[in-house]
Amino acid sequence: MAKILIGPAGSSGLGNVEGVKKVKELGLDAMEVEFTYGVNMSNATAKEVGELAKNLGISLSVHAPYYINLSSEEKAKISASKKRILDSCERAHYLGAKYVVFHPAYYGKLSKEECYKIVKEAMIDMQKHIKEKKWDVVLCPETTGKGSQFGDVDELARLSDETGCGVCVDFAHVYARNNGKIDYDAVCKKIKHIKVLTAHFSGIIFTAKGERAHKPTEPERIKELLKYLLKYGISIRIINESPQQLKDSVVTKQILGKL
Ligand SMILES: [Zn+2]
């Protein structure tokens, strides 16, 4: 039986401690701690939030900063990107958050295959570091929302097969990237064997270039996703990234309860 956990991205301005309590109060299962503009949390705070989440049975994940490009032409930018991800991993370890989500790279002038190889090398290097430090976390590159960004479903499924990393499937990004189409059967078949899976969902505004902005979740669309996840028996966490992420998470949970 597929186990589907649901919760918001971020603490909705409450701070992580109050955010976790709110998630519990609303009957939700998960929360993503956001380091959007930088990893500005001490290990001590991470431990405190992590203990609370553990006691309340809330599954945590971490979103690493947005400013990351593992295939930059500039070596310094690759090192800075790795550092941001690894700093996120350290906090995630203390948070008890297994999933460390990030947008991996941009193709720039590289071919898809060249970009893939560079990202793979960076992943293996970071995984070595994680192992040395004994951090209990899994790198989860995210499916990205624009054609200029590395990270479609095929690339990340391959990366998972070849490095053992997890994957964050942002279904709204997959939809935006394909001009408002998503073949759930095809996507589910590609991801169902991946051991560590987490996801993002929300309504999304897009152009021909892909993702533009997030918007509230349409109940019919989340219902469609849930039906396919159940059909394929996929255990996953669905982190809602809409502007009303708490409310939409509650609605998602209600819809799931009726399926
Ligand atoms: Zn993301």
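What share of the contacts in the protein chain with a separation of 6 or more comes from residues 24 or more positions apart? The figure is 78%, and it is a good number to keep in mind as we walk through this predicted model. Let us begin with the whole chain and then move to its sheets, its strands and a few individual residues.

The protein chain has nine helices and twelve strands. Its radius of gyration is 17 Å, close to the 18 Å that the globule rule gives for 259 residues, so the chain is as compact as a globular protein of that length. Taken along the principal axes, the C-alpha atoms fill a box of roughly 45 × 45 × 30 Å. Of the 259 residues, 49% are buried.

Now for the sheets. One of them is an open sheet of four strands, and if you trace across it you meet the strands in the order β2-β3-β4-β6, with parallel pairing. At its edges lie β2 (30-34) and β6 (138-141), each of which pairs on one side only. From one strand to the next, the twist averages 30°.

Inside this sheet, β3 is a good place to pause. Strands β2 and β3 run parallel and are joined by five bridges, and Glu32 has Ser61 in β3 as its bridge partner. To get from β2 to β3 the chain passes through helix α2 (residues 43-56), in a β-α-β crossover that is right-handed. On the other side of the story is the pairing of β3 (residues 59-63) with β4 (residues 99-102), which is parallel and extends over three bridges. Here His63 has Val101 in β4 as its bridge partner. Another right-handed β-α-β unit is made by β3, helix α3 (residues 75-95) and β4.

How many of the five residues of β3 are buried? Five of the five are, and the strand is mostly covered. In a regular strand the side chains alternate between the two faces of the sheet. You can follow that pattern here: Ser59, Ser61 and His63 point one way from β3, while Leu60 and Val62 point the other way.

A second open sheet, also described by four strands, has the order β1-β12-β9-β8 and parallel pairing. Its edge strands are β1 (4-8) and β8 (167-170), and each pairs on one side only. The twist in this sheet averages 25° from one strand to the next. Strand β8 runs parallel to strand β9 (residues 197-201), and four bridges join the two. One bridge brings Val169 together with its partner in β9, Ala199.

Stay with β9 a moment longer, for Phe201 is found in this strand. Is Phe201 buried or exposed? With 28 other C-beta atoms within 10 Å, Phe201 is buried, since the cut-off for a buried residue is 20 or more. Beyond its sequence neighbours up to four places away, Phe201 touches Phe171, Ala172, Thr217, Ile222, Leu225, Ile238 and Asn240. Take Ile238 from that list: Phe201 and Ile238 are 37 residues apart along the chain, and their C-alpha atoms are separated by 6.6 Å.

Next, look at helix α5 (residues 153-163), where Val153, Glu155, Leu156, Ala157, Leu159 and Ser160 are buried. An α-helix has 3.6 residues a turn, so residues three or four places apart point the same way. The elements that cover the buried residues of α5 include strands β6, β7 (149-150) and β8, along with helices α4 (112-133), α6 (171-177) and α7 (184-191). Just after α5, Gly164 takes a positive phi of about 80°.

Finally, turn to the nonpolar interior. The largest nonpolar core holds 75 residues, and those that touch the most other members are Val62, Leu95, Val100, Val119, Cys140, Phe171 and Ala199. Several of these names have already come up on our way: Val62 is one of the buried residues of β3, Phe171 is among the residues that Phe201 touches, and Ala199 is the bridge partner of Val169. Leaving aside residues up to four places away in sequence, Cys140 touches Tyr99, Val100, Val101, Cys165, Gly166, Val167, Cys168, Val196 and Thr198.

Methods: Residues are numbered from 1 along each chain as its sequence is written. This is a predicted model: local features need pLDDT of at least 70, side-chain atom pairs count only at pLDDT 80 or more; totals for chains, interfaces and linings use all residues. A nonpolar core is a set of buried Ala, Val, Leu, Ile, Met, Phe, Trp, Tyr and Cys residues joined through C-beta atoms within 7 Å. A residue is buried if 20 or more other C-beta atoms lie within 10 Å of its own, exposed if 12 or fewer, and partly exposed in between; C-beta atoms are placed from the backbone. Two residues are in contact if their C-beta atoms, placed from the backbone, lie within 7 Å. Two strands pair if DSSP finds at least two bridges between them. Axes are lines fitted to C-alpha atoms, for helices over the stretch in contact, and angles run from 0 to 180 degrees between N-to-C directions. The radius of gyration is taken over C-alpha atoms; the globule rule is 2.2 Å times the number of residues to the power 0.38. A crossover is right-handed if, with the strands pointing away from the viewer, the path from the first strand over the helix to the second runs clockwise.
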